[in-house]
Amino acid sequence: MTHAAYVAAGYGLTAGAVGAYVIWVLRRERVLSARMGGNAAAAGADSVAARTPVDSAGADR
Amino acid sequence: MTRTSVEGVERGGGMVRVLGAATALMMAVTVLLALVVSPAEINQGDSVRLLYLHVPTAWLALYLSFGVTSLASALYLWPRTRSRLWDMVAGASAEIGVLFLGLTLAVGSIWGRPTWGVWWTWDPRLTTTAVLMVAYLGYLAVRTVPGDPEVTARRAAVVALAAFVDVPLIHQSVEWWRSQHQPASILDDSRLLDPQITGLMGLTLLVSVVAFTLLYAWLMCHRVRVANLERTAGGEDLARAMVERHAEAETAGRL
């Protein structure tokens, strides 16, 4: 192997590993943020339902 | 400070984006300097370009990441400063540190093959660094042990502080023992004001260290935010499970 090949291997490995980690962190952040946003929306909907006179329990009665 | 500090993690999105842009710019300048502008070294040839990765990743992992992990762990263990934020900071920093310590070892090994003729040797510097890698992998494993989060965080903080004892040993290993690894070029008492790397090579190394330091800061912002979201999501999952169990119990009571 030439020195250039070792250099390419080193830079390629570093770029690959750092890139993969960055993608994993950003994707996880986006998924969790969306999930928390969805939960917040659901919680908001629940609180609206709780204030509404006809809720699911009322419908059963 | 607990609640305010953790909520502070969620703010500052604009600053993080600016930090990300600065990191990308500095990384591009580093690659340009390291691969195009900087000359080959008279003995090492082109493989010297690997040192513009090896040294900054070592700085990032050994001193910056594990230093922050140790400081945050100490702040968590100290009753007056105990906060979940410090535990999250310690965990995030250690995870980044392990990634970059792995890269330090791997890139060092790739550099060693054309320069020393071997991929690996049980040299004091290399061996103590490998021990540190295992120690912080153990730290990350301790963090995943199920149980009371407070107890797990306390145990992890103790392991982090114990593991950090190896860092000064690594730093001094090239001075205390017969080592194939060269002594420090910059971070040494006698060489701090008279660095052994100058000119374009010194500039490239300096720019690379700054770029990797910015990368660490940017990664920390995102990783701590992820840790905070995971903690909140975990708490919500627990609350939802408790509500479901209560509902099941009430249904069973009616029957």
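# A walk through a two-chain helical model

Chain B comes out with a mean pLDDT of 87, and 87% of its residues reach 70 or more; pLDDT is the predictor's confidence in each residue, from 0 to 100. This is a predicted model, in which local features need pLDDT of at least 70, side-chain atom pairs count only at pLDDT 80 or more, and totals for chains, interfaces and linings use all residues. Residues are numbered from 1 along each chain as its sequence is written, while chains are lettered from A and ligands numbered from 1 in the order in which they are written. The model scores ipTM 0.84 and pTM 0.82.

Start with the overall layout. Chain B has eight helices and zero strands, and chain A has two helices and zero strands. Both kinds of element are DSSP runs numbered from the N terminus: helices are H or I with at least four residues, strands are E with at least two. Among the elements of chain B, helix 1 (residues 2-10) has the lowest mean pLDDT, 53, and helix 3 the highest, 96.

Next, burial. A residue is buried if 20 or more other C-beta atoms lie within 10 Å of its own, exposed if 12 or fewer, and partly exposed in between, with C-beta atoms placed from the backbone. Buried residues make up 34% of the 255 residues in chain B and 8% of the 61 residues in chain A.

Helix 5 of chain B is a good place to see this at work. It has 20 residues and reaches 29 Å from its first C-alpha to its last, close to the 28 Å expected at 1.5 Å a residue (the expected span is 1.5 Å times one less than the number of residues). Its buried residues are Arg125(B), Leu126(B), Thr129(B), Leu132(B), Tyr136(B), Tyr139(B) and Arg143(B). Seen down the helix axis, these fall within an arc of 135°, so they line one face of helix 5; the arc is that of the directions from the axis to the C-beta atoms. An α-helix has 3.6 residues a turn, so residues three or four places apart point the same way. The face turned away from the buried side carries the exposed residues Val134(B) and Ala141(B). Val131(B), also in helix 5, is partly exposed, with 14 other C-beta atoms within 10 Å.

What covers that buried face? The cover includes helix 3 (51-77), helix 4 (84-116), helix 6 (149-164) and helix 7 (166-176) of chain B. One of the residues in helix 6 is Ala160(B), which counts as buried because it has 27 C-beta neighbours inside 10 Å. Leaving aside neighbours within four places in sequence, Ala160(B) is in contact with Thr69(B), Ser70(B), Ser73(B), Ala90(B), Ala94(B) and Tyr139(B); contact means C-beta atoms, placed from the backbone, within 7 Å.

Ala160(B) also turns up in the largest nonpolar core, where, of 60 residues, Leu50(B), Trp59(B), Ala90(B), Ala160(B) and Tyr216(B) touch the most other members. Such a core is a set of buried Ala, Val, Leu, Ile, Met, Phe, Trp, Tyr and Cys residues joined through C-beta atoms within 7 Å. Helix 4 of chain B gives the most to this core, with 16 residues.

Finally, the contact between the chains takes 20 residues from chain A and 24 residues from chain B.

Note on methods. Contact = placed C-beta atoms within 7 Å.
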